[in-house]
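Trainee: I have a new structure open and would like to go through it with you. Could we start?
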Amino acid sequence: MRRLRNRLAGAALSVLALTLTATGCSGSSQASPGTQAGSGAPSAGQSVANRVEPLAGRPTPRLPVTVRSADGEKVTVEGAERVVPLSGSLSEIVFTLGLGDRVVARDVTATFEQASKLPVVTRGHDVSAESVLSLRPDLVIAETTTGPAEAVDQIRAAGVPVLFVEAAGGLDDVGPRIQAVADALGVPAAGTELTRRSQERIEAARGDVPHGEKPRVAFLYLRGSASVYLIGGADSGAGSLIEAAGAVDAGAASGLDKDFTAITSEALVKAAPDAILVMSKGLESVGGVDGLVKIPGVAQTPAGMDRRIVSVEDGVLLNYGPRTDQVLKSVVAQLYGEDGAR
C-alpha cells in the first residue's frame with residue numbers, strides 16, 4: 001500500500017489541476033466489499049477475511065542473525081521481542097509467521113483484526129520517528145518506499161536495526177518478501193513453510209478462473225473527497241493480479257505506460273474495460289456504484305453500462321502478502337460470478 005501511495009503522490013498533482021465532476025463525492029455508499037456488478041448487496045464468500053491465519057505451531061527465533069537489507073546495508077538483528085512493521089503487508093507476514101505477539105505498533109494500513117488495537121506510528125501515512133522510538137523497538141521492518149527518509153535515518157541513528165524489504169509489485173513478490181522477513185526474525189524454516197502455503201493457495205485460486213475470452217479490467221484509484229480520479233497503467237501494481245484472474249489489464253493494454261493517469265473520457269473509451277477494479281473505500285468516496293458511473297466516461301464503457309464493478313478492501317488489494325489468495329478468489333468470484341459465468 002505504501003508503494004501505491006508513493007506512486008499516487010506524483011500522479012495526483014496533475015489531477016488537482018483538472019476540473020472533473022464533483023458528482024458522487026459524498027463519501028457515503030451502500031456498496032460494500034464483495035459487491036457483485038453493482039448489485040448493492042454483498043455476495044457470500046467474496047470478501048477477504050479480516051483476520052490473518054498464522055501457521056500451525058509457534059516458531060522460536062534463533063538470533064542473532066545478520067541479513068542483507070534491500071537498501072544494501074547489512075543488518076544484525078539481536079532481538080525480536082518488540083517488532084515494528086511499517087506497512088500492512090509486512091505486519092501480515094509477521095503475524096502469519098506466528099510472531100504477532102511480538103509486534104508493538106502498526107502502520108495505518110494494518111487493519112486486520114489481530115493488529116487493529118496496536119498503536120499507529122504513522123501520521124498521514126508518513127512514519128513518526130518519535131512514535132516508533134517511544135515504543136523501544138528492537139527491530140523495525142520497512143518497505144523500500146517507506147518514508148520520509150529523515151524519519152528512518154533518525155530511527156537508525158538511535159541504534160535500532162531497520163530492515164528494508166523490497167516493495168511488492170506483483171504476485172511473484174509474495175514469496176521473497178515472506179522469506180526476507182522470516183530470515184530477519186530468525187525463523188527461516190517458518191518462512192519457507194509460509195511461502196509454500198501461500199504459493200499453493202494462490203495456484204489453487206488460479207485454478208478457479210474460467211477458461212474462455214479474457215475480460216478487460218481497468219484499475220481505478222478513486223478519492224472523491226480530494227477529487228482524485230486515476231486509471232492504472234502498466235506500473236500500477238494491479239496488472240499481476242488482474243492477469244492472475246484471467247483478465248487483461250485494460251489500462252496497460254490501451255497504451256498507458258505510466259503507473260497512473262488522470263481519468264478522462266478519452267482514456268476510458270480507449271481502455272474499454274468490461275469490468276472496473278476499485279478499492280472499497282475509494283468506491284464509497286464517490287458515492288458507490290451510482291456515483292462511479294457518473295464520473296465522465298465511465299458510463300460509456302462496457303463496465304459502466306453493465307455496472308460490472310469489482311471491489312476489494314483497501315488494506316489488502318495490492319498488499320501481495322499471505323492473504324493474496326483470498327484477494328484473488330474475491331476478484332475471480334466478483335468478475336465472473338459464483339457460477340463462473342461471463
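Mentor: A262 is a good place to begin: with a relative accessibility of 12%, A262 counts as buried, because buried means under 20% relative accessible area, exposed over 50% and partly exposed in between, with a 1.4 Å probe and protein chains only. This is a predicted model, in which local features need pLDDT of at least 70, side-chain atom pairs count only at pLDDT 80 or more, and totals for chains, interfaces and linings use all residues. Residues are numbered from 1 along each chain as its sequence is written, and side-chain values use heavy atoms, leaving out hydrogens and water.

Trainee: Which strand holds A262?

Mentor: A262 lies in β11, residues 260-262. Strands here are DSSP runs of E with at least two residues, helices are runs of H or I with at least four, and both are numbered from the N terminus.

Trainee: How far apart are the C-alpha atoms of A262 and L220?

Mentor: They are separated by 9.7 Å, while the two residues are 42 apart along the chain.

Trainee: Turning to E143, is it buried or exposed?

Mentor: E143 counts as buried, at 4% relative accessibility. Its place is in strand β6, residues 139-143.

Trainee: Which side chains make polar contacts with the side chain of E143?

Mentor: The side chain of S87 does so at 2.6 Å, and that of R177 at 2.8 Å. A polar contact is a pair of N or O atoms within 3.5 Å; within protein, one must be able to donate a hydrogen and the other to accept it, and residues adjacent in sequence count only if both atoms are side-chain atoms.

Trainee: What else is E143 in contact with?

Mentor: Leaving aside neighbours within four places in sequence, the contacts of E143 include L90, F164 and E166. Contact means heavy atoms within 4.5 Å.

Trainee: Now the helices: how do α5 and α6 cross?

Mentor: The axes of α5 (residues 174-184) and α6 (residues 188-206) come within 8 Å and cross at roughly 160°. The axes are lines fitted to C-alpha atoms over the stretch in contact, with angles from 0 to 180 degrees between N-to-C directions. The two helices are therefore roughly antiparallel, a term for angles over 145 degrees.

Trainee: Which residues of α5 meet α6?

Mentor: V174, G175, I178, Q179, A182 and D183 do, and their partners in α6 include P188, L194 and I202.

Trainee: And for the whole chain, how many helices and strands are there?

Mentor: The chain has 13 helices and 13 strands. Of its 342 residues, 56% count as buried.

Key: Parallel < 35°, antiparallel > 145°, perpendicular 65-115°, else oblique.
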